[in-house]
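Colleague: Could you take one part of this model and go through it closely? After that, please set it against the rest of the chain.

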Amino acid sequence: DLKFLVSRVETWFQTHGERLALPKKRSVLAGKIKDFGFLADGKYKPSVEQIEAVRTVIEKPFSYIWGAPGTGKTRFVLAYAVLQYLREGKKVAIFAPTNNAVEQVLRGVLPLLEEEGFDIEKVIRLGTPSQEFAERYPEVCETTGLYWRKREADQEISELKGVLPLMEKVEEVAAAEGALNRMEHAEELPLETLQDNLKARFTVGSDGFAIVNKFIGDNLPTVRAELENWVAVAKDSLKKGDSRLRKFANMNLEFLRMRLEQLQKHRQDLEKLSTERRIQEAGIVACTLDAYISRFMDQDLRAHHYFLDEAGYANVAKALTLFRFRGPITFLGDHQQLPPVSEMNDQELQDNPDYHPVYIWSQSAIYVEDLFLLESSAAIDRYFSPNTAPLYQVMQLATLNATYRFGNNLAAVLNAHVYRSNFHSSAAEGATKLYYLPASYSGSARKTRQNEAEAALIQALVRSGAQGEDFVILSPYSNQVSLLQKYLPKAREDQRILTVHRSQGQEWDTVILSVVDPCDKRPWFTDSRNGRSRGLNLLNTAVSRARRRLIIVCDLAHWQAADGQLLQGLISVAQEFQFGLTGKLFQTPDKK
């Protein structure tokens, strides 16, 4: 994190740290799952497993919905829970560790709300949205530049309110001078007609009207002298407003009054769009943890349920801030993917006891119970112990084992290497296809973590037909990302070349994975058996970023012989990508 973000978290704990506690309050929806109105058919029909997960959300004060990609954590479990809160007029808050993750979770929730006819203008996504999200859901996004638009309106309103009295006085002076001219020829009109003529020149209640209203016939000289004196004083006072008057010299008074009325209405409309007002009236408030910590430092975000998506990737330091309130909390995620990223690596933390407290920036949010229920030394020891499960003493686990994205073969590989449970596919073929592209090993790869052969092959692959496609190129290593960016500057500009770590919370139709390492030359992030590098989590994350296809570019012969490695398992159920036969990157037919 940037230093100011770290400092902001520190300030938050100094202000609110003593108020934190594990939630004990059940949802206001507890006992009402029979009222949820789950759709009985179509694409939003939930499975029995998903309905039980929803039950856990509403019955338990603190819950964790664990599921791999495609198991319906967001689209079914979260979406149905949120929908029922909205049906009952309640508010929920949805958080995620990154802006991309916030938008990803909303893309999973909003379609069901639209399907059920819910007004999505009651949803507010705080922060700056991506262009794609803003174009798809403009009514959900926080109104950008609203502060400055309100300020501009306020400035013009203030200016008009200041100049209008001057303009009115200019008109009144002109009327008074006309009245004085009429008085010079008073004998030409009958008394009553003259009186009416003089009063008609002024607005009732004005200074000029009050003066000429005194005219009764024989006091004309006195009335004229008083009006002349008023004109002299008025003209003198108008000199102080000359600069303002010059700006509006070509506009008439009626136009300026109408303009002021329009601006005041516009200002009222802007106020309705203000973030503060929208947060108060919203049924769903969604933002990153950083945005929550910043915006609600000095105020409460009261909601009937707090949800944290991608909880495995959120660090416990920031997730702890959600325990300021006593409302129910639900985490959703897959802690078999990458943990939070910290600049200080685990070896540095472990070697220096003074650094041990820093672990809360590296520890996943799903271990938050440790900080409430264990001594700090025990919590730190658990962090440094590989493959340690969450305590699950207060946090109730609900597991989603059936994926609708991965086919039988891929699900079996992931279950054997990653999940080691009952993880399986409910779609025989699955939506995500696996391919490999053989690339010769570059002898410098281990030292530099760069592979020229893979970069050149990926360059040819992308140039063969990636225009207009939704794809990304991932690599475990920043050095390889830099190399790929030189080979593909346009993809770099479009932010389509990332490390696997930076891809968290995002998905693409096609993911191209540049492995870099050969299996027999001390691989690091690609070694799924290395607990220190968390290679298993990294590769699992890379797989889960792909909606339709994952293309693994690697030293094929080496990895095919790497028994026990996740990459070997993935390659075993993949087919070679024959992009040269079609001339198109993403139109290669599946082999039968």
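Modeller: A residue is called buried here when its relative accessible area is under 20%, exposed when it is over 50%, and partly exposed in between, with a 1.4 Å probe and protein chains only. The model is a predicted one, so local features need pLDDT of at least 70 and side-chain atom pairs count only at pLDDT 80 or more, while totals for chains, interfaces and linings use all residues. Residues are numbered from 1 along each chain as its sequence is written, and side-chain values use heavy atoms, with hydrogens and water left out.

The part I have chosen is the loop between strand 13 and helix 23, together with that helix. Helices (H or I, at least four residues) and strands (E, at least two) are DSSP runs numbered from the N terminus. V516 lies in this loop. V516 counts as buried because its relative accessibility is 1%. The backbone at V516 has a positive phi, near 75°, although the residue is not glycine. Most residues other than glycine have a negative phi.

T526 is also found in the loop between strand 13 and helix 23 (535-544). With a relative accessible area of 0%, T526 is buried. Contact means heavy atoms within 4.5 Å. Leaving aside residues up to four places away in sequence, T526 touches P476, Y477, V515, D517, L539, W559, Q565 and L567. One of these partners, L539, is among the buried residues of helix 23.

The helix that follows the loop is mostly covered, with 10 of its 10 residues buried. Those residues are G535, L536, N537, L538, L539, N540, T541, A542, V543 and S544. They pack against helix 18, strand 13, strand 14 (546-554) and helix 25 (566-572).

Salt bridges come next; the term stands for a side-chain nitrogen of Lys or Arg within 4 Å of a carboxyl oxygen of Asp or Glu. A network of them links R405, D470, E507, D509 and R547. Within this group, E507 forms a salt bridge with R405, and the closest N and O atoms are 2.8 Å apart. E507 lies in the loop between strand 12 (497-499) and strand 13 (508-514) and R405 in the loop between strand 8 (402-403) and helix 18 (408-419), so the pair ties together parts that are 102 residues apart in sequence. R405 is buried, its relative accessible area being 12%.

Another positive phi is found at Q495, about 55°, again in a residue that is not a glycine. Q495 sits in the loop between helix 22 (489-493) and strand 12. Unlike V516, which is buried, Q495 counts as exposed, at 58% relative accessibility.

Now the rest of the chain. A search of the whole structure finds 28 salt bridges. In one of them, the side chains of R125 and E103 meet at 3.1 Å, N to O. R125 belongs to strand 3 (residues 123-125) and E103 to helix 4 (residues 99-115), so this pair ties together parts 22 residues apart in sequence. Both R125 and E103 are buried. In another, D290 and K318 have their closest N and O atoms 3.0 Å apart. D290 is in helix 13 (residues 289-295) and K318 in helix 14 (residues 316-319), 28 residues apart, and the pair links distant parts of the chain. D290 counts as buried at 16% relative accessibility, and K318 is buried at 7%.

Helix 17 (residues 376-384) can be set beside helix 23: A379, I380, R382, Y383 and F384 are buried there. Their cover includes helix 15 (346-351) and helix 16 (369-373).

As a whole, the chain has 26 helices and 15 strands, and buried residues make up 53% of its 592 residues. Of the contacts with a separation of 6 or more, 74% are between residues 24 or more positions apart. The C-alpha trace spans about 120 × 55 × 55 Å along its principal axes. The radius of gyration, taken over C-alpha atoms, is 35 Å, whereas a compact globule of 592 residues would have a value near 25 Å; the globule rule is 2.2 Å times the number of residues to the power 0.38.
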